[in-house]
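Grab a viewer and work through these exercises with the model open beside you. Try each task before reading its solution.

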Amino acid sequence: MKGKILVTGGTGFIGSHTTVELQNAGYEVVIIDDLSNSNRDVLDGIEHITGKRPVFVEGDCKDINTLHQLFKDNPGIEGIINFAAHKAVGESVQKPIMYYRNNLNILLNLLDLMPVYGVKGFVFSSSCTVYGEPDQNPITEDAPTKKATSPYGATKQMCEDIIADVIKSGSPIKAILLRYFNPIGAHPSAEIGELPNGVPQNLVPYLTQTAIGIRPLLSVFGDDYDTPDGSCIRDFINVVDLAKAHVRALDRMLNDESEDALEVFNIGTGNGLSVLQLIDAFERATGVEVPHKIVGRREGDIEKIWADPKRANEVLGWKAEASVDETMLSAWKWQKRLRERGIM
Ligand code: UD1
(Lines give C-alpha, C1' and ligand atoms only; values in the text may rest on other atoms or scores of the structure.)
Protein backbone atom coordinates (compact mmCIF):
# COMPACT_ATOMS: atom_id res chain seq x y z
CA MET A 1 0.00 0.00 0.00
CA LYS A 2 1.24 3.47 -0.88
CA GLY A 3 0.46 6.60 1.12
CA LYS A 4 -2.74 8.39 1.99
CA ILE A 5 -3.86 11.17 -0.35
CA LEU A 6 -6.45 13.90 0.16
CA VAL A 7 -8.41 14.61 -3.01
CA THR A 8 -10.42 17.81 -2.73
CA GLY A 9 -13.30 17.91 -5.18
CA GLY A 10 -12.91 14.15 -5.52
CA THR A 11 -16.48 13.44 -6.59
CA GLY A 12 -16.18 15.82 -9.55
CA PHE A 13 -15.33 14.92 -13.13
CA ILE A 14 -11.54 14.88 -13.00
CA GLY A 15 -11.42 14.18 -9.25
CA SER A 16 -13.40 10.95 -9.54
CA HIS A 17 -11.27 9.61 -12.39
CA THR A 18 -8.13 10.51 -10.49
CA THR A 19 -9.39 8.78 -7.35
CA VAL A 20 -9.87 5.61 -9.41
CA GLU A 21 -6.31 5.77 -10.77
CA LEU A 22 -4.86 6.53 -7.33
CA GLN A 23 -6.64 3.55 -5.81
CA ASN A 24 -5.59 1.35 -8.74
CA ALA A 25 -2.01 2.43 -8.09
CA GLY A 26 -2.29 1.45 -4.41
CA TYR A 27 -2.86 4.84 -2.80
CA GLU A 28 -5.43 5.27 -0.07
CA VAL A 29 -7.79 8.15 -0.85
CA VAL A 30 -9.70 10.55 1.36
CA ILE A 31 -12.12 12.75 -0.57
CA ILE A 32 -13.55 16.03 0.57
CA ASP A 33 -16.27 17.55 -1.58
CA ASP A 34 -19.16 19.90 -0.83
CA LEU A 35 -21.25 18.21 -3.57
CA SER A 36 -21.99 21.62 -5.09
CA ASN A 37 -21.31 20.26 -8.58
CA SER A 38 -21.42 16.48 -8.08
CA ASN A 39 -23.23 13.87 -6.05
CA ARG A 40 -22.65 11.00 -3.68
CA ASP A 41 -23.50 8.32 -6.27
CA VAL A 42 -20.08 8.94 -7.79
CA LEU A 43 -18.65 7.04 -4.80
CA ASP A 44 -20.57 3.95 -5.92
CA GLY A 45 -19.07 4.28 -9.40
CA ILE A 46 -15.55 4.51 -7.94
CA GLU A 47 -16.23 1.48 -5.76
CA HIS A 48 -17.60 -0.57 -8.67
CA ILE A 49 -14.46 0.08 -10.70
CA THR A 50 -11.81 -0.32 -8.02
CA GLY A 51 -13.51 -2.54 -5.45
CA LYS A 52 -12.75 0.07 -2.82
CA ARG A 53 -14.78 2.94 -1.45
CA PRO A 54 -12.69 6.01 -0.64
CA VAL A 55 -13.19 7.75 2.68
CA PHE A 56 -15.64 10.58 2.02
CA VAL A 57 -16.05 13.82 3.93
CA GLU A 58 -18.85 16.11 2.84
CA GLY A 59 -17.52 19.56 3.51
CA ASP A 60 -16.29 22.89 2.24
CA CYS A 61 -12.53 23.47 2.07
CA LYS A 62 -13.10 27.20 2.58
CA ASP A 63 -13.84 26.30 6.19
CA ILE A 64 -10.50 25.78 7.87
CA ASN A 65 -12.06 24.05 10.87
CA THR A 66 -13.52 21.39 8.60
CA LEU A 67 -10.03 20.79 7.24
CA HIS A 68 -8.47 20.66 10.73
CA GLN A 69 -11.01 18.01 11.67
CA LEU A 70 -10.37 16.07 8.48
CA PHE A 71 -6.62 15.96 9.07
CA LYS A 72 -7.16 14.90 12.70
CA ASP A 73 -9.61 12.16 11.72
CA ASN A 74 -7.34 10.92 8.92
CA PRO A 75 -3.78 11.07 10.20
CA GLY A 76 -0.83 10.47 7.90
CA ILE A 77 -2.02 12.23 4.73
CA GLU A 78 1.09 12.59 2.54
CA GLY A 79 -0.25 14.40 -0.49
CA ILE A 80 -3.09 16.60 -1.64
CA ILE A 81 -4.60 16.94 -5.09
CA ASN A 82 -6.66 20.09 -5.21
CA PHE A 83 -9.59 19.87 -7.61
CA ALA A 84 -12.02 21.82 -5.43
CA ALA A 85 -12.70 24.96 -7.45
CA HIS A 86 -15.35 26.68 -9.48
CA LYS A 87 -14.62 26.25 -13.19
CA ALA A 88 -17.20 27.89 -15.43
CA VAL A 89 -15.62 30.70 -17.40
CA GLY A 90 -18.90 32.55 -18.15
CA GLU A 91 -20.19 32.27 -14.60
CA SER A 92 -16.91 33.68 -13.28
CA VAL A 93 -17.50 36.86 -15.27
CA GLN A 94 -20.93 37.21 -13.64
CA LYS A 95 -19.81 36.26 -10.12
CA PRO A 96 -16.16 37.27 -9.72
CA ILE A 97 -16.27 37.55 -5.93
CA MET A 98 -17.60 34.03 -5.61
CA TYR A 99 -14.80 32.74 -7.86
CA TYR A 100 -11.99 34.61 -6.11
CA ARG A 101 -13.33 33.77 -2.65
CA ASN A 102 -13.75 30.10 -3.39
CA ASN A 103 -10.74 29.27 -5.52
CA LEU A 104 -8.24 31.36 -3.55
CA ASN A 105 -9.43 30.60 -0.02
CA ILE A 106 -9.43 26.87 -0.62
CA LEU A 107 -5.86 27.03 -1.85
CA LEU A 108 -4.71 29.25 1.03
CA ASN A 109 -6.28 26.95 3.63
CA LEU A 110 -4.65 23.87 2.19
CA LEU A 111 -1.20 25.46 1.87
CA ASP A 112 -1.50 26.80 5.38
CA LEU A 113 -2.30 23.41 6.88
CA MET A 114 0.13 21.25 4.93
CA PRO A 115 3.13 21.90 7.19
CA VAL A 116 0.94 21.68 10.31
CA TYR A 117 -0.07 18.11 9.46
CA GLY A 118 3.17 17.11 7.74
CA VAL A 119 1.72 16.87 4.23
CA LYS A 120 4.53 16.77 1.72
CA GLY A 121 3.20 16.96 -1.85
CA PHE A 122 0.63 19.18 -3.53
CA VAL A 123 -0.78 18.80 -7.03
CA PHE A 124 -2.62 21.80 -8.38
CA SER A 125 -5.18 21.62 -11.20
CA SER A 126 -4.13 24.44 -13.44
CA SER A 127 -5.15 25.12 -16.99
CA CYS A 128 -3.78 26.05 -20.37
CA THR A 129 -5.94 29.13 -19.92
CA VAL A 130 -2.89 30.70 -18.20
CA TYR A 131 -1.22 31.02 -21.62
CA GLY A 132 -4.02 33.09 -23.16
CA GLU A 133 -3.81 33.14 -26.98
CA PRO A 134 -0.45 31.51 -27.75
CA ASP A 135 2.06 33.19 -30.06
CA GLN A 136 2.95 29.76 -31.33
CA ASN A 137 1.74 26.18 -31.09
CA PRO A 138 2.45 23.65 -29.72
CA ILE A 139 3.01 25.63 -26.53
CA THR A 140 5.68 24.75 -23.97
CA GLU A 141 5.66 25.44 -20.24
CA ASP A 142 8.22 28.20 -20.79
CA ALA A 143 5.85 30.28 -22.89
CA PRO A 144 4.83 33.50 -21.15
CA THR A 145 1.52 33.58 -19.35
CA LYS A 146 -0.83 36.32 -20.50
CA LYS A 147 -3.38 38.46 -18.76
CA ALA A 148 -6.39 36.32 -17.96
CA THR A 149 -9.57 37.02 -19.89
CA SER A 150 -11.89 35.87 -17.09
CA PRO A 151 -11.90 35.77 -13.28
CA TYR A 152 -11.76 31.97 -13.60
CA GLY A 153 -8.51 32.22 -15.57
CA ALA A 154 -7.21 34.85 -13.16
CA THR A 155 -7.74 32.50 -10.21
CA LYS A 156 -5.65 29.83 -11.95
CA GLN A 157 -2.80 32.30 -12.50
CA MET A 158 -3.05 33.69 -8.97
CA CYS A 159 -3.08 30.21 -7.48
CA GLU A 160 0.04 29.29 -9.45
CA ASP A 161 1.76 32.46 -8.17
CA ILE A 162 0.66 31.86 -4.58
CA ILE A 163 2.05 28.32 -4.61
CA ALA A 164 5.36 29.62 -6.00
CA ASP A 165 5.56 32.32 -3.31
CA VAL A 166 4.77 29.89 -0.51
CA ILE A 167 7.51 27.54 -1.68
CA LYS A 168 9.94 30.45 -2.03
CA SER A 169 9.17 31.44 1.55
CA GLY A 170 10.66 28.14 2.72
CA SER A 171 7.51 26.10 3.33
CA PRO A 172 8.62 22.46 3.56
CA ILE A 173 6.34 21.30 0.77
CA LYS A 174 6.66 20.24 -2.84
CA ALA A 175 4.19 21.18 -5.54
CA ILE A 176 3.45 20.24 -9.11
CA LEU A 177 1.26 22.43 -11.28
CA LEU A 178 -0.52 20.48 -13.99
CA ARG A 179 -1.75 22.66 -16.82
CA TYR A 180 -4.60 20.72 -18.36
CA PHE A 181 -5.65 21.24 -21.92
CA ASN A 182 -9.25 20.16 -22.68
CA PRO A 183 -10.26 17.09 -20.63
CA ILE A 184 -13.00 15.00 -22.24
CA GLY A 185 -14.43 11.48 -22.26
CA ALA A 186 -15.26 9.17 -19.39
CA HIS A 187 -14.07 5.99 -17.74
CA PRO A 188 -14.42 3.14 -20.29
CA SER A 189 -16.66 1.26 -17.83
CA ALA A 190 -19.14 4.19 -17.92
CA GLU A 191 -19.33 3.94 -14.13
CA ILE A 192 -18.17 7.55 -13.82
CA GLY A 193 -18.08 10.52 -16.19
CA GLU A 194 -18.92 14.18 -16.49
CA LEU A 195 -22.22 15.30 -15.00
CA PRO A 196 -22.88 18.86 -16.08
CA ASN A 197 -25.25 20.96 -14.02
CA GLY A 198 -27.92 22.42 -16.30
CA VAL A 199 -27.05 23.36 -19.86
CA PRO A 200 -23.47 22.29 -20.57
CA GLN A 201 -21.04 25.05 -21.48
CA ASN A 202 -18.29 22.73 -22.69
CA LEU A 203 -18.21 21.18 -26.11
CA VAL A 204 -18.29 17.43 -25.49
CA PRO A 205 -21.15 17.24 -22.97
CA TYR A 206 -23.17 19.51 -25.25
CA LEU A 207 -22.29 17.28 -28.20
CA THR A 208 -23.30 14.02 -26.50
CA GLN A 209 -26.51 15.59 -25.17
CA THR A 210 -27.34 16.65 -28.73
CA ALA A 211 -26.53 13.21 -30.09
CA ILE A 212 -28.95 11.59 -27.62
CA GLY A 213 -31.67 14.14 -28.32
CA ILE A 214 -31.68 16.22 -25.14
CA ARG A 215 -30.59 19.28 -27.15
CA PRO A 216 -31.86 19.82 -30.69
CA LEU A 217 -28.72 21.29 -32.19
CA LEU A 218 -25.07 21.84 -31.33
CA SER A 219 -23.88 25.35 -32.10
CA VAL A 220 -20.36 25.57 -33.45
CA PHE A 221 -19.02 28.91 -32.28
CA GLY A 222 -17.34 30.36 -35.36
CA ASP A 223 -15.95 29.03 -38.64
CA ASP A 224 -13.97 32.12 -39.60
CA TYR A 225 -10.90 31.57 -37.42
CA ASP A 226 -7.46 31.33 -38.95
CA THR A 227 -7.44 27.51 -38.88
CA PRO A 228 -7.73 24.97 -41.72
CA ASP A 229 -11.51 24.52 -41.37
CA GLY A 230 -12.19 27.84 -39.65
CA SER A 231 -13.28 26.38 -36.30
CA CYS A 232 -11.19 26.69 -33.12
CA ILE A 233 -8.47 24.16 -32.35
CA ARG A 234 -7.96 22.51 -28.97
CA ASP A 235 -5.91 19.70 -27.47
CA PHE A 236 -8.57 17.28 -26.24
CA ILE A 237 -7.16 15.00 -23.57
CA ASN A 238 -8.82 11.80 -22.37
CA VAL A 239 -9.80 12.18 -18.70
CA VAL A 240 -8.35 8.79 -17.71
CA ASP A 241 -5.01 9.73 -19.26
CA LEU A 242 -5.22 13.04 -17.43
CA ALA A 243 -5.99 11.24 -14.16
CA LYS A 244 -2.88 9.08 -14.57
CA ALA A 245 -0.70 12.19 -14.82
CA HIS A 246 -1.74 13.05 -11.26
CA VAL A 247 -0.59 9.68 -9.99
CA ARG A 248 2.81 10.18 -11.64
CA ALA A 249 3.07 13.68 -10.20
CA LEU A 250 2.43 12.39 -6.69
CA ASP A 251 4.82 9.48 -7.07
CA ARG A 252 7.48 11.94 -8.17
CA MET A 253 7.06 14.23 -5.17
CA LEU A 254 6.61 11.53 -2.55
CA ASN A 255 9.59 9.51 -3.83
CA ASP A 256 11.78 12.62 -4.01
CA GLU A 257 12.50 12.04 -7.69
CA SER A 258 13.21 15.72 -8.19
CA GLU A 259 15.36 18.33 -6.48
CA ASP A 260 12.92 21.04 -7.45
CA ALA A 261 10.22 21.86 -4.97
CA LEU A 262 8.03 23.35 -7.70
CA GLU A 263 7.49 21.95 -11.18
CA VAL A 264 5.01 22.63 -13.94
CA PHE A 265 3.82 20.33 -16.70
CA ASN A 266 1.52 20.65 -19.69
CA ILE A 267 -0.92 17.77 -19.75
CA GLY A 268 -2.14 17.34 -23.30
CA THR A 269 -1.80 14.99 -26.24
CA GLY A 270 0.34 17.25 -28.40
CA ASN A 271 -2.28 17.13 -31.17
CA GLY A 272 -4.59 19.96 -32.04
CA LEU A 273 -8.05 19.02 -33.26
CA SER A 274 -10.66 21.49 -34.49
CA VAL A 275 -14.20 21.62 -33.17
CA LEU A 276 -15.48 20.34 -36.53
CA GLN A 277 -12.89 17.55 -36.58
CA LEU A 278 -14.00 16.48 -33.13
CA ILE A 279 -17.63 16.32 -34.25
CA ASP A 280 -16.51 14.19 -37.22
CA ALA A 281 -14.54 11.92 -34.92
CA PHE A 282 -17.60 11.41 -32.74
CA GLU A 283 -19.78 10.57 -35.73
CA ARG A 284 -17.16 8.19 -37.12
CA ALA A 285 -16.54 6.41 -33.82
CA THR A 286 -20.17 6.02 -32.80
CA GLY A 287 -22.05 6.05 -36.11
CA VAL A 288 -24.40 8.61 -34.55
CA GLU A 289 -25.01 11.91 -36.29
CA VAL A 290 -24.73 15.17 -34.40
CA PRO A 291 -27.03 17.87 -35.77
CA HIS A 292 -24.99 21.06 -35.72
CA LYS A 293 -24.85 24.49 -37.23
CA ILE A 294 -22.28 27.23 -37.43
CA VAL A 295 -23.08 30.30 -35.38
CA GLY A 296 -21.09 33.40 -34.43
CA ARG A 297 -17.94 33.33 -32.35
CA ARG A 298 -18.20 32.95 -28.56
CA GLU A 299 -16.68 35.89 -26.74
CA GLY A 300 -13.35 35.23 -25.11
CA ASP A 301 -12.53 32.05 -27.04
CA ILE A 302 -8.93 31.30 -27.89
CA GLU A 303 -8.42 30.62 -31.60
CA LYS A 304 -6.00 27.72 -31.34
CA ILE A 305 -3.98 26.09 -28.63
CA TRP A 306 -2.34 22.71 -28.25
CA ALA A 307 0.30 21.39 -25.93
CA ASP A 308 3.90 20.48 -26.29
CA PRO A 309 3.77 17.64 -23.72
CA LYS A 310 7.47 16.73 -24.10
CA ARG A 311 8.37 17.67 -20.54
CA ALA A 312 5.59 15.51 -19.08
CA ASN A 313 6.53 12.68 -21.46
CA GLU A 314 10.20 12.78 -20.54
CA VAL A 315 10.32 13.97 -16.96
CA LEU A 316 7.09 12.54 -15.56
CA GLY A 317 7.22 9.48 -17.79
CA TRP A 318 3.59 10.13 -18.69
CA LYS A 319 2.02 10.10 -22.13
CA ALA A 320 -1.53 10.40 -23.41
CA GLU A 321 -2.52 7.02 -24.77
CA ALA A 322 -6.20 6.96 -25.72
CA SER A 323 -7.19 7.62 -29.32
CA VAL A 324 -9.77 10.29 -30.10
CA ASP A 325 -12.17 7.59 -31.27
CA GLU A 326 -11.85 5.65 -28.01
CA THR A 327 -12.40 8.84 -26.08
CA MET A 328 -15.48 9.75 -28.08
CA LEU A 329 -16.86 6.24 -27.61
CA SER A 330 -16.35 6.53 -23.85
CA ALA A 331 -18.19 9.87 -23.76
CA TRP A 332 -21.06 8.32 -25.72
CA LYS A 333 -21.24 5.22 -23.55
CA TRP A 334 -21.43 7.47 -20.49
CA GLN A 335 -24.20 9.61 -22.01
CA LYS A 336 -26.19 6.44 -22.76
CA ARG A 337 -25.60 5.19 -19.21
CA LEU A 338 -27.03 8.44 -17.83
CA ARG A 339 -30.14 7.82 -19.94
CA GLU A 340 -30.42 4.21 -18.66
CA ARG A 341 -30.22 5.50 -15.13
CA GLY A 342 -32.91 8.05 -15.88
CA ILE A 343 -30.62 10.94 -15.00
CA MET A 344 -30.76 12.62 -18.42
C1 UD1 B 1 -12.45 26.71 -21.23
C2 UD1 B 1 -11.25 27.34 -20.62
C3 UD1 B 1 -10.46 26.31 -19.87
C4 UD1 B 1 -11.30 25.67 -18.85
C5 UD1 B 1 -12.51 25.07 -19.51
C6 UD1 B 1 -13.41 24.53 -18.42
C7 UD1 B 1 -10.34 29.28 -21.72
C8 UD1 B 1 -9.51 29.76 -22.82
N9 UD1 B 1 -10.44 27.96 -21.63
O10 UD1 B 1 -12.01 25.84 -22.26
O11 UD1 B 1 -9.38 26.90 -19.22
O12 UD1 B 1 -10.59 24.69 -18.17
O13 UD1 B 1 -13.19 26.06 -20.27
O14 UD1 B 1 -14.70 24.92 -18.52
O15 UD1 B 1 -10.87 30.02 -20.95
N16 UD1 B 1 -17.73 25.10 -28.49
C17 UD1 B 1 -18.71 25.09 -29.48
N18 UD1 B 1 -19.98 24.85 -29.10
C19 UD1 B 1 -20.35 24.60 -27.81
C20 UD1 B 1 -19.34 24.59 -26.81
C21 UD1 B 1 -18.04 24.86 -27.19
O22 UD1 B 1 -18.43 25.32 -30.65
O23 UD1 B 1 -21.54 24.40 -27.54
C24 UD1 B 1 -16.32 25.35 -28.89
C25 UD1 B 1 -15.72 26.56 -28.20
O26 UD1 B 1 -16.00 27.72 -28.94
C27 UD1 B 1 -14.25 26.18 -28.19
C28 UD1 B 1 -14.25 24.65 -28.10
O29 UD1 B 1 -15.56 24.25 -28.49
O30 UD1 B 1 -13.68 26.54 -29.40
C31 UD1 B 1 -13.99 24.14 -26.71
O32 UD1 B 1 -14.85 24.81 -25.80
P33 UD1 B 1 -15.02 24.38 -24.27
O34 UD1 B 1 -15.30 22.92 -24.18
O35 UD1 B 1 -16.00 25.32 -23.65
O36 UD1 B 1 -13.58 24.60 -23.65
P37 UD1 B 1 -12.58 25.87 -23.70
O38 UD1 B 1 -13.31 27.11 -23.94
O39 UD1 B 1 -11.49 25.51 -24.64
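## Exercise 1: Cavities

Two cavities of 30 Å³ or more are found in this structure, which is a predicted model. Your task: work out what lines the largest cavity and which domains it lies between.

**Solution.**

Step 1. Start with the volume: the largest cavity holds about 110 Å³ of space.

Step 2. Look at the wall. The lining consists of 15 residues, and those nearest the centre are Glu194, Val204, Pro205, Thr208 and Trp334. Two elements give two or more residues each to this lining: helix H7 (203–211) and helix H11 (324–340).

Step 3. Sort the lining by class, and you get 10 nonpolar residues, four polar ones and one charged.

Step 4. Now place the cavity. Domain 1 (4–185 + 235–267) and domain 2 (203–233 + 270–307 + 322–338) both contribute to the lining, so the largest cavity sits between them.

## Exercise 2: The other cavity

Your task: find which helix gives the most to the lining of the second largest cavity.

**Solution.**

Step 1. This cavity has about 30 Å³ of space.

Step 2. Select the lining: Asn82, Ala84, Ala85, Asn103, Phe124, Thr155, Lys156 and Cys159.

Step 3. Helix H6 (residues 151–168) is the answer, giving three residues to the lining.

Step 4. As for class, the lining splits into four nonpolar, three polar and one charged residue.

## Exercise 3: The sheet

Your task: trace the strand order of the seven-stranded open sheet, then say which strands stand at its edges.

**Solution.**

Step 1. Walk across the sheet and you read S3-S2-S1-S4-S5-S6-S11, with parallel pairing.

Step 2. Check the ends. Strand S3 (55–58) and strand S11 (262–267) each have a single partner strand, so each has one side without a neighbour in the sheet. Those two are your edge strands.

Step 3. Going from one strand to the next, the twist averages 20 degrees.

Step 4. Zoom in on one pair. Strand S1 (residues 4–8) and strand S2 (residues 28–33) run parallel and are joined by five bridges. For a concrete case, pick Leu6: its bridge partner in S2 is Val30.

Step 5. Bring H6 back into view. This helix packs on the sheet, where it touches strand S5 (121–127), strand S6 (174–180) and S11. The direction of H6 makes about 150 degrees with that of S5.

## Exercise 4: Between the domains

Your task: describe the contact between the two domains, then locate the second largest pocket.

**Solution.**

Step 1. Colour the chain by domain: 4–185 + 235–267 make up domain 1, and 203–233 + 270–307 + 322–338 make up domain 2. Their C-alpha centres are 26 Å apart.

Step 2. Count the residues in the contact: 17 residues come from domain 1 and 19 residues from domain 2.

Step 3. Turn to the second largest pocket, with a volume of about 220 Å³. Its lining has 15 residues, and Phe236, Thr269, Asn271, Ala322 and Val324 lie nearest the centre.

Step 4. Ask which elements supply that lining. Strand S10 (236–238) and H11 provide at least two residues each, and S10 has the largest share, with three residues.

Step 5. The class tally for this pocket is seven nonpolar, six polar and two charged residues.

Step 6. Both domain 1 and domain 2 give residues to the lining, so the second largest pocket lies between them.

## Exercise 5: Backbone oddities in the loops

Your task: find a cis peptide bond and two residues other than glycine with positive phi.

**Solution.**

Step 1. Recall the background: most residues other than glycine have a negative phi, and most peptide bonds are trans.

Step 2. Go to the loop between S5 and H6, where Pro138 lies. The peptide bond from Asn137 to Pro138 is cis, with omega near -5 degrees.

Step 3. While you're in that loop, have a look at Ala148, which lies there too. Leaving out residues up to four places away in sequence, Ala148 touches Gly153, Ala154 and Gln157.

Step 4. Next, check phi. Leu35 has a positive value near 60 degrees and is found in the loop between S2 and helix H2 (41–50).

Step 5. Finish with Ala190, whose phi is also positive, at about 60 degrees. Ala190 belongs to the loop between strand S7 (182–184) and H7.

Definitions and conventions:
Residues numbered from 1 in each chain as written. Predicted model: local features only at pLDDT ≥ 70, side-chain atom pairs only at ≥ 80, totals over all residues. Heavy atoms only, no water. 1 Å grid on protein atoms, 1.4 Å probe; cavity = no way out; pocket = protein on both sides within 12 Å on 5 of 7 lines; lining within 4 Å. Points joined across faces, edges and corners; volume = space filled by probe spheres on them. Helix = DSSP H or I, 4+ residues; strand = E, 2+ residues; numbered from the N terminus. Nonpolar A, V, L, I, M, F, W, Y, C, P; charged D, E, K, R; others polar. Domains from an automatic or database assignment. Pairing = 2+ DSSP bridges. Axes fitted to C-alpha atoms, helices over the stretch in contact; angles between N-to-C directions. Contact = heavy atoms within 4.5 Å.
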